[in-house]
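Biologist: I should like to learn how the features of a protein model are read, one at a time. Might we go through them with the model in view?

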Amino acid sequence: MMLRSDLAQVPLYAVEPADVPVDLSDNTSMWGPAPSALAAAQSMPAGGSLTRYPELYSASVKQAVARYLGVDPEMVVVGNGSDGVIDAAIRAVAAPGERLAYMAPTFGMIPVFARVNGLVPVAVPLLPSLALDVPALLAAEARVTFVCSPNNPTGHALARQDIEAVIDGAAGMVIVDEAYAEFAGTSVVELVRRSPRLLVTRTLSKAFGLAGLRVGYGIAQPELVRQIEKSRGPYAVTAASERAAVAALDGDVPWMRQQVQLAVEARQWLVDALRDRGLEPLPSAANFVLVPVADAESVALAMLAHGVSVRAFSRLPQLTPALVASAGAALRITVGPMNMQQAALDALDAVRS
Ligand SMILES: *Cc1c(COP(=O)(O)O)cnc(C)c1O
């Protein structure tokens, strides 16, 4: 057979986007795209630019990220989404057969990226307090260790000292996924200067409202950046996406901060409303809330009939008492403008009554 047998176990990513009025299922921005980015994407310069290849490694985006975060452009690797950066980074440091350790639960693509690159994924459950199990992560002696803060799907931020302990003790590369960092207001990007094994990944897909552009980036020391760029390959980001990403990072940061403020207020309102209903949402530092609910899959399906899409999880580790009570089932609800959140609560009430 010509196909790789080890890929037979890897499922195709098949989360169906629901065609409903209120889609709170994927943590993208419910407040629209960054405006300068939208204008730039809609006004490609006339003439020959589309006949030529884009920048080899998105140098203009690296410079814009460097201005945004106060790092050197040589410390930035840009990718086709932060997914593209993570995938390339894994391949840059790990050979087939080596281990990738990751906190669980976390971003569902991580064990997939491990397998696709021939690595052995090692899930390390979070502690019941939702803290990292640092000794267990280090004991895996993995070539790649992945942590995510704020974490998807729980929403909680990890303790900085635990992240530092993983970076200081890990045998190989440590990826800290900060896709939701803008909503938390905290970051470990500055640790990159003192750790050659650290890669912090970020994205324009969430706080900047630009998931359709597929632009993400990583911050690491220049030597690791160059290695990741080799495995990523040239021309990974389109010319239109580069243009829009630079416009967003240079022109839309104040706009983004306003949207983040709206999201943080909406998150508190949603958490309070869920608590009023006797539910126990997990603490969130992101733009979504995970709320344990028994039979979440059927609840989410029934909510669809009321025009609201949320993401259901059915087999999460039973870390908190509420997750024990729900047998590991939970709904992940993206925060949004008040009318959308009210629609979600109305649908939930209708389904649960
Ligand atoms: C949404 C998300 C990303 C972003 O991926 P992109 O490829 O940049 O769109 C990365 N990590 C986590 C945990 C996410 O939830």
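Biologist: Is Tyr235 buried, partly exposed or exposed?

Modeller: In this predicted model, Tyr235 has a relative accessible area of 37%. Buried requires under 20% and exposed over 50%, so Tyr235 is partly exposed. Tyr235 belongs to the loop that runs between helix 8 (222–232) and helix 9 (239–251).

Biologist: What is phi of Tyr235?

Modeller: Phi of Tyr235 is near 60°, a positive value, and the residue is not a glycine. Leu130 also has a positive phi, of about 75°, although it is not a glycine. Leu130 is placed in the loop between strand 4 (120–125) and helix 5 (134–139). With 6% relative accessibility, Leu130 counts as buried.

Biologist: Let us stay with the backbone. Which peptide bonds to Pro150 and Pro153 are cis or trans?

Modeller: The bond from Ser149 to Pro150 is cis, its omega being near -10°. The bond from Asn152 to Pro153 is cis as well, with omega near 15°. Pro150 lies in the loop between strand 5 and helix 6 (160–169), and Pro153 is found in the loop between strand 5 and helix 6 too.

Biologist: Which residues does Thr145, in strand 5, touch?

Modeller: Thr145 is part of strand 5 (residues 144–148). Leaving aside residues up to four places away in sequence, Thr145 touches Ala101, Leu137, Val166, Ala170, Met173, Val174 and Ile175. Its relative accessibility is 3%, so Thr145 counts as buried.

Biologist: How is a pair of aromatic rings described?

Modeller: Such a pair is described by the distance of the ring centres and the angle of the planes. In this structure the count comes to three aromatic pairs. In one of them, Tyr68 and Phe208, the ring centres are 5.7 Å apart and the planes stand at 80°; edge-to-face means over 60 degrees, so this pair is edge-to-face.

Biologist: Where along the chain do Tyr68 and Phe208 lie?

Modeller: Tyr68 is in helix 2 (residues 59–69), whereas Phe208 is in the loop between strand 7 (198–203) and strand 8 (215–219). The two are 140 residues apart, and the pair thus links distant parts of the chain. Both Tyr68 and Phe208 are buried.

Biologist: What is the geometry of the pair formed by Tyr180 and Phe288?

Modeller: The centres of these rings are 5.0 Å apart and the planes are at 75°, so the pair of Tyr180 and Phe288 is edge-to-face. This pair also links distant parts of the chain, 108 residues apart: Tyr180 sits in the loop between strand 6 (173–177) and helix 7 (181–184), and Phe288 in strand 9 (residues 288–292). Tyr180 counts as buried at 2% relative accessibility, and Phe288 is buried with a relative accessible area of 0%.

Biologist: Which residue lies over the face of Phe288?

Modeller: Arg332 does, at 5.9 Å from the ring centre. Arg332 also appears in the lining of the largest pocket, as one of the residues nearest its centre.

Biologist: What volume does the largest pocket have, and how many residues line it?

Modeller: Its volume is about 1,700 Å³, and 50 residues line it. Nearest its centre lie Tyr13, Val15, Arg311, Phe313 and Arg332. At least two residues of the lining come from each of helix 3 (81–93), strand 3 (99–104), helix 4 (109–116), helix 11 (296–304) and strand 11 (311–313). By residue class, the lining of the largest pocket divides into 26 nonpolar, twelve polar and twelve charged.

Biologist: How many cavities of 30 Å³ or more are there?

Modeller: The count comes to one. The largest cavity has a volume of about 60 Å³. Its lining consists of Ser29, Trp31, Phe183, Lys206, Ala207, Gln259, Val260, Ala263 and Asn287. These divide into five nonpolar, three polar and one charged.

Biologist: Which element gives the most to the lining of the largest cavity?

Modeller: Helix 10 does, with three residues. Pro254 lies in helix 10 (residues 253–276), and at 55% relative accessibility Pro254 counts as exposed. The C-alpha atoms of Pro254 and Gln268 are separated by 22 Å, the two residues being 14 apart along the chain.

Definitions and conventions:
Residues are numbered from 1 along each chain as its sequence is written. This is a predicted model: local features need pLDDT of at least 70, side-chain atom pairs count only at pLDDT 80 or more; totals for chains, interfaces and linings use all residues. Side-chain values use heavy atoms; hydrogens and water are left out. Rings of Phe, Tyr and Trp (its six-membered ring) pair if their centres lie within 6.5 Å; planes under 30 degrees apart count as stacked, over 60 as edge-to-face and the rest as tilted. Helices (H or I, at least four residues) and strands (E, at least two) are DSSP runs, numbered from the N terminus. Buried means under 20% relative accessible area, exposed over 50%, partly exposed in between (1.4 Å probe, protein chains only). A charge sits over a ring if NZ of Lys or CZ of Arg is within 6 Å of the ring centre and within 35 degrees of the ring normal. Contact means heavy atoms within 4.5 Å. On a 1 Å grid over the protein atoms alone, a cavity is a set of points where a 1.4 Å probe fits but cannot get out, and a pocket is an open set with protein on both sides within 12 Å along at least five of seven lines; lining residues have an atom within 4 Å of a point. Grid points are joined across faces, edges and corners, and a volume is the space filled by probe spheres set on the points. Ala, Val, Leu, Ile, Met, Phe, Trp, Tyr, Cys and Pro count as nonpolar, Asp, Glu, Lys and Arg as charged, and the others, Gly among them, as polar.
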